[in-house]
Amino acid sequence: MSRRQASTFSRNNQRGHQKPGDPRVQAIRMCGDDWRRALLLLRESKQPNIQEFNATIDACARARKPSEAIGLLDDLPNLGLKPNHATFNGIMKAYANTGGWKSTLRVLDRMVEEGVMPNEFNMNTAISACGKARQWKMALELLDSMEGRGVKP
């Protein structure tokens, strides 16, 4: 496996992709920022999995619909599903895309509360949200906290 392939494989796993052949996940991903269509495809699934939820959350993030993204997170326990890094990162991006840096940080805290320790992708999303909102002090504090969280800066 080349370095480029390994990097793509790693990114895809962090984003919560399932096997490349999963047609429902691929169909949801093809929705782009059409979050309503993605949500419709998710709701049509008889037994939705976390990858389908993550793909739908990503569509919400692209469409700048954080309330819809967080609503999907709240649906997971009722279906016996547990959020993962990609789930939280998609929600964080949804808030970050609307300038909601404080909400992004609340999602970061919720991750820890739910037993999912932030990784470098989650931390980078939080730092980026703070940077976009010109909250440089908070961005630097997050960067400084990464080692304490067991994440390489």
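**Close-up views of the predicted model**

**View A. Arg134 is placed in the loop that joins α8 (120-132) to α9 (136-145).** This view, like those that follow, shows a predicted model. The phi angle of Arg134 is positive, near 60°, although the residue is not a glycine. Most residues other than glycine have a negative phi. Arg134 is exposed, because its relative accessibility of 66% is over the 50% required for that class.

**View B. Arg64 occupies the loop between α4 (50-62) and α5 (66-75).** What is the sign of phi at Arg64? Phi is positive here, with a value near 60°, and the residue is other than glycine. Arg64 is exposed, with a relative accessibility of 53%. Views A and B may be read together: phi is near 60° at Arg64, and phi is near 60° at Arg134.

**View C. A salt bridge joins Arg29 to Asp58.** The closest N and O atoms of the two residues are 3.0 Å apart. Arg29 belongs to helix α2 (residues 23-29) and Asp58 to helix α4, so this pair ties together parts of the chain that are 29 residues apart in sequence. Are these two charged partners buried or exposed? Arg29 is buried, with a relative accessible area of 16%. Asp58 is also buried, with a relative accessible area of 11%. Both residues receive this label because their values are under 20%. In the whole structure, the search finds four salt bridges.

**View D. Asp74, Arg110 and Glu114 form a network of salt bridges.** Which residue does Asp74 pair with? The partner of Asp74 is Arg110, and their closest N and O atoms are 2.9 Å apart. Asp74 is in helix α5 and Arg110 is in helix α7 (residues 101-113), so the pair connects parts that are 36 residues apart in sequence. Arg110 also meets the side chain of Glu114 in a salt bridge, with an N to O distance of 2.7 Å. The members of this network are partly exposed: Asp74 has a relative accessible area of 40%, Arg110 has 23%, and Glu114 has 37%.

**View E. Helix α7 packs its buried residues against other helices.** How many residues does α7 have? The helix has 13 residues, and the distance from its first C-alpha to its last is 19 Å, close to the expected 18 Å. Its buried residues are Trp101, Ser103, Thr104, Leu105, Val107, Leu108 and Met111. An α-helix has 3.6 residues a turn, so residues three or four places apart point the same way. The reader may trace this pattern along the buried residues, which include Thr104, Leu108 and Met111. These buried residues pack against α5, α6 (85-96), α8 and α9. After the helix comes Gly115, whose phi is positive, near 80°.

**View F. Cys31 and Cys60 are buried cysteines.** Cys31 counts as buried because its relative accessibility is 6%, under the limit of 20%. Cys60 is likewise buried, with a relative accessible area of 1%. How many disulfides does the structure contain? The search of the whole structure finds zero disulfides.

**View G. Residues 1-18 have a pLDDT that stays under 50.** For these residues the model has 18 contacts beyond four places in sequence. Over the chain, the average pLDDT is 88, and 86% of the residues score at least 70. The student should keep the value for residues 1-18 in mind when looking at this end of the chain, since pLDDT is the predictor's confidence in each residue.

**View H. The chain as a whole has nine helices and zero strands.** From the N terminus on, the order of the elements is α-α-α-α-α-α-α-α-α. The chain has 153 residues, of which 44% count as buried. Among contacts with a separation of 6 or more, 59% are between residues 24 or more positions apart. The accessible surface comes to about 8,900 Å², and carbon and sulfur atoms account for 50% of it.

Terms used: Residues are numbered from 1 along each chain as its sequence is written. Side-chain values use heavy atoms; hydrogens and water are left out. A disulfide is a pair of cysteine sulfur atoms within 2.5 Å. Buried means under 20% relative accessible area, exposed over 50%, partly exposed in between (1.4 Å probe, protein chains only). Helices (H or I, at least four residues) and strands (E, at least two) are DSSP runs, numbered from the N terminus. pLDDT is the predictor's confidence in each residue, from 0 to 100. Contact means heavy atoms within 4.5 Å. The expected span of a helix is 1.5 Å times one less than its number of residues. Accessible areas come from the Shrake-Rupley method with a 1.4 Å probe; for residues, only the protein chains shown count as cover.
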